[in-house]
Amino acid sequence: FLGLNAGYDNTTGRYNTFLGKGAGYSSQTSNYNIFVGFEAGKNDSTGHSNVFLGSLSGVDNQGSGNTFIGRESGNKNTSGYRNMFLGYRAGKVNTVGNYNVFIGSEAGSLNTTGQFNVLIGNNSGLKNNGTNNTFLGHASGRANTSGENNTYIGMHSGYKNVSGSENTFLGMQSGYNNNTGSDNTYLGRIAGYNNIGGSKNTIIGKSAGYNSSSSNNVFVGYEAGYSETDSNRLHIANTNNKTLIYGKFDTDQVAIGTTDNYIPTGFTLAVGGKMIAEEVKVRLRTNW
């Protein structure tokens, strides 16, 4: 014990290293801990096998098997165990969350009960209390509170998501405004940027589905479905002003090369232009 009041109340605890003023101050029966920094692990009394490095890190900890590195990292942790928090205020208010990895300044800073999360990047998952999330990138999943089973990769990806679950956002600012939507896959920079509550979308390509706020869509290509607002739509395109292949999943209709995505009522296929084929057969469905 090295430092004023370091290990002050230690009674039967063994194999501990306390370095810094007030480090391990109330430690009584805890064992195998390393607390380094001003008041690091100050109120820990029963936690075991912890490593706290940084001023005010793990101050209220009673959990075991934690590694907190950085000023105020894991500051409020009580019974949470087997967590790794690395960075200024990383996991600061975590209380009972377990098996989390938070890396970056204020990563998972407001997490209290979330478990099995991996948050990497400054402010990533700042407000997270969900479970089984993976956020990688500066401020990725920053507003996530109760969303679960999400994967956000890229700066500001899933930035405003609150409760949406089962989403995969890959690309800078992909799914940026998603708030409650679930079961979405956004791949590409600012893909699905303004979709707030839409669900079950598959959007692939830079700026694809940028203004879409609907559900059950498939957009593939650069700026595909950029301004689409309806649900159950298909866009395959490489520009925001013309779709090569357009479809309606709800009515089982497809258009090819139509400039306005128009499909006349009663027809399954519409082609905007000439067709050529080596052979065409027409038969009633019952004779197929």
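## Salt bridges, cores and a pocket in a predicted model

At 45% relative accessibility, D250 counts as partly exposed. The model to which this residue belongs is a predicted one. The side chain of D250 meets that of R233 in a salt bridge, with N and O 3.0 Å apart. D250 is placed in the loop between β15 (245–248) and β16, whereas R233 belongs to strand β14, so the pair ties together parts that are 17 residues apart in sequence. R233, unlike its partly exposed partner, is buried, its relative accessible area being 9%.

**Salt bridges**

In the whole structure, a search finds eight salt bridges. Side chains of opposite charge can pair when their charged atoms come close. Three of the pairs are set out below, with the distance between N and O.

| Pair | Distance, N to O |
|---|---|
| R71 and E72 | 2.5 Å |
| K92 and E72 | 3.0 Å |
| D250 and R233 | 3.0 Å |

E72 appears in the pair with R71 and also in the pair with K92. K92 lies in the loop between β5 (84–86) and β6 (101–103), and E72 lies in the loop between β4 (67–69) and β5, so this salt bridge ties together parts that are 20 residues apart in sequence. E72 counts as buried at 7% relative accessibility, while R71 is partly exposed at 40%. A network of salt bridges links R71, E72, R89 and K92.

**Nonpolar cores**

The largest nonpolar core is made up of 22 residues, and F35, F102 and I203 are those with the most contacts inside it. Another core, of six residues, lies apart from it; A139, Y159, Y176 and Y193 are among its members. Leaving aside residues up to four places away in sequence, I203 touches T185, Y186, L187, A191, G192, A208, G209 and F219.

**The largest pocket**

The largest pocket holds about 160 Å³ of space. Its lining consists of 16 residues, and H235, N240, N241, T243 and N261 lie nearest the centre. By class, the lining comprises three nonpolar, 10 polar and three charged residues.

**Backbone angles in two loops**

N261, one of the residues nearest the centre of the largest pocket, has a positive phi of about 55 degrees although it is not a glycine. Its place is in the loop between β16 (253–256) and β17 (269–271). E223 is likewise not a glycine, and its phi is positive, at about 60 degrees. Most residues other than glycine have a negative phi. E223 is found in the loop between β13 (218–220) and β14 (233–236). With a relative accessible area of 12%, E223 is buried.

**A buried loop residue**

N31 lies in the loop between β1 (17–19) and β2 (34–36). At 14% relative accessibility, N31 counts as buried, because the cut-off for that class is under 20%. When residues up to four places away in sequence are not counted, N31 touches T12, G13, R14, N16, G47, H48 and S49. Along the chain, N31 and I103 are 72 residues apart, and their C-alpha atoms are separated by 26 Å.

Methods: Residues numbered from 1 in each chain as written. Predicted model: local features only at pLDDT ≥ 70, side-chain atom pairs only at ≥ 80, totals over all residues. Heavy atoms only, no water. 1 Å grid on protein atoms, 1.4 Å probe; cavity = no way out; pocket = protein on both sides within 12 Å on 5 of 7 lines; lining within 4 Å. Points joined across faces, edges and corners; volume = space filled by probe spheres on them. Nonpolar A, V, L, I, M, F, W, Y, C, P; charged D, E, K, R; others polar. Helix = DSSP H or I, 4+ residues; strand = E, 2+ residues; numbered from the N terminus. Buried < 20%, exposed > 50% of the residue type's maximum accessible area, 1.4 Å probe, protein only. Core = buried A, V, L, I, M, F, W, Y, C linked by side-chain atoms within 4.5 Å. Contact = heavy atoms within 4.5 Å. Salt bridge = Lys/Arg side-chain N within 4 Å of Asp/Glu carboxyl O.
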